[in-house]
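User: I'd like a close look at one part of this model rather than a tour of everything. Pick a spot where things pack together and walk me through it, please.

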Amino acid sequence: SNIFDRLNPGQAVWLSGIDQTAYKHMSSPKMSDLANRVAAVIPGKWMEVAIQLEIRMGAIDAVCGENRKCFQQFMAILDIWERSSSPPFTWNTLVSVLKSQSVNENALARELEREFCCGDVTSHYVPTSSSK
């Protein structure tokens, strides 16, 4: 899934003029990248990430109650986030979440930011500690 899939033709034409670096900044992550680069690296932080992504507590409780391994719980949360309307399903959002005080995975955030984003993304999405 990428940003062009969600746009009408006029918006897609406008965005086609954006350089590749800016496009990466707005693009949706691939689940395989999320699995390998995030969930496999910090599996035990799935709940903190879920809260910062503003996943409803009922959904978090449901994932928690399924007796899965942390990696599987993390992937379930990422799937919920991908299907939600907010916050945006972008590398921007994820990097900001990883930099949040409760997740505190700054080294991983910087690594992902260098590879998948352009510039400092802190100002684009600021996670809250409240859930929906």
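Analyst: Let's take the place where helix H3 (residues 31–39) meets helix H6 (residues 70–83): their axes come within 11 Å and cross at roughly 135 degrees. Axes here are lines fitted to C-alpha atoms, for helices over the stretch in contact, with angles running from 0 to 180 degrees between N-to-C directions. Helices (H or I, at least four residues) and strands (E, at least two) are DSSP runs, numbered from the N terminus. That crossing angle makes H3 oblique to H6; angles under 35 degrees count as roughly parallel, over 145 as roughly antiparallel, 65 to 115 as roughly perpendicular, and the rest as oblique. H3 passes H6 in a right-handed crossing, meaning the near helix is turned clockwise from the far one by less than a right angle (anticlockwise would be left-handed).

Before going on, keep in mind that this is a predicted model: local features need pLDDT of at least 70 and side-chain atom pairs count only at pLDDT 80 or more, while totals for chains, interfaces and linings use all residues. Residues are numbered from 1 along each chain as its sequence is written, and side-chain values use heavy atoms, with hydrogens and water left out.

So who does the touching? On the H3 side, Met31, Leu34, Ala35, Val38 and Ala39 make the contact with H6 (heavy atoms within 4.5 Å). Facing them from H6 are Phe71, Phe74, Met75, Leu78, Asp79 and Glu82. By class, this contact has 9 nonpolar, no polar and 2 charged residues. For the bookkeeping, Ala, Val, Leu, Ile, Met, Phe, Trp, Tyr, Cys and Pro count as nonpolar, Asp, Glu, Lys and Arg as charged, and the others, Gly among them, as polar.

H3 has another partner in H8: their axes come within 11 Å and cross at roughly 145 degrees. Here H3 uses Asp33, Arg37 and Val38, and H8 answers with Leu108, Glu111, Leu112, Glu115 and Phe116. The class count for H3 with H8 is 4 nonpolar, no polar and 4 charged residues. Val38 is on the list for H6 and on the list for H8.

What does that do to H3 itself? Its buried residues (under 20% relative accessible area; exposed is over 50%, partly exposed in between, with a 1.4 Å probe and protein chains only) are Leu34, Ala35, Arg37, Val38 and Ala39. H6, H7 and H8 are among what covers them.

Now follow Leu112 in helix H8. Leu112 is buried, with a relative accessible area of 0%. Not counting residues up to four places away in sequence, Leu112 touches Arg37, Val38, Trp91, Leu94, Val95, Leu98 and Cys117. The Val38 pairing spans some sequence: Leu112 and Val38 are 74 residues apart along the chain and 9.0 Å apart in space, C-alpha to C-alpha.

Leu112 also takes us to the largest nonpolar core, a set of buried Ala, Val, Leu, Ile, Met, Phe, Trp, Tyr and Cys residues joined through side-chain atoms within 4.5 Å. Of its 31 residues, Ile55, Phe74, Leu94, Leu98 and Leu112 touch the most other members. H3, helix H4 (46–52), helix H5 (57–64), H6, helix H7 (91–99) and helix H8 (106–116) each supply at least two residues. H6 gives the largest share, 6 residues.

H7 deserves a mention too: 8 of its 9 residues are buried, so the helix is mostly covered. The buried ones are Trp91, Asn92, Thr93, Leu94, Val95, Ser96, Val97 and Leu98. Leaving aside neighbours within four places in sequence, Leu98 is in contact with Ile42, Val103, Asn104, Glu105, Asn106, Leu108, Ala109 and Leu112.

One of those partners, Asn104, sits in the loop between H7 and H8. Asn104 has a positive phi of about 55 degrees although it is not a glycine, and it is partly exposed, with a relative accessible area of 47%. Going back along the chain, the loop between H6 and H7 holds Pro87, and a cis peptide bond joins Ser86 and Pro87, with omega about -10 degrees.

Stepping back, the protein has 8 helices and 0 strands, and 41% of its 132 residues count as buried. Among contacts between residues at least 6 apart in sequence, 67% join residues at least 24 apart.
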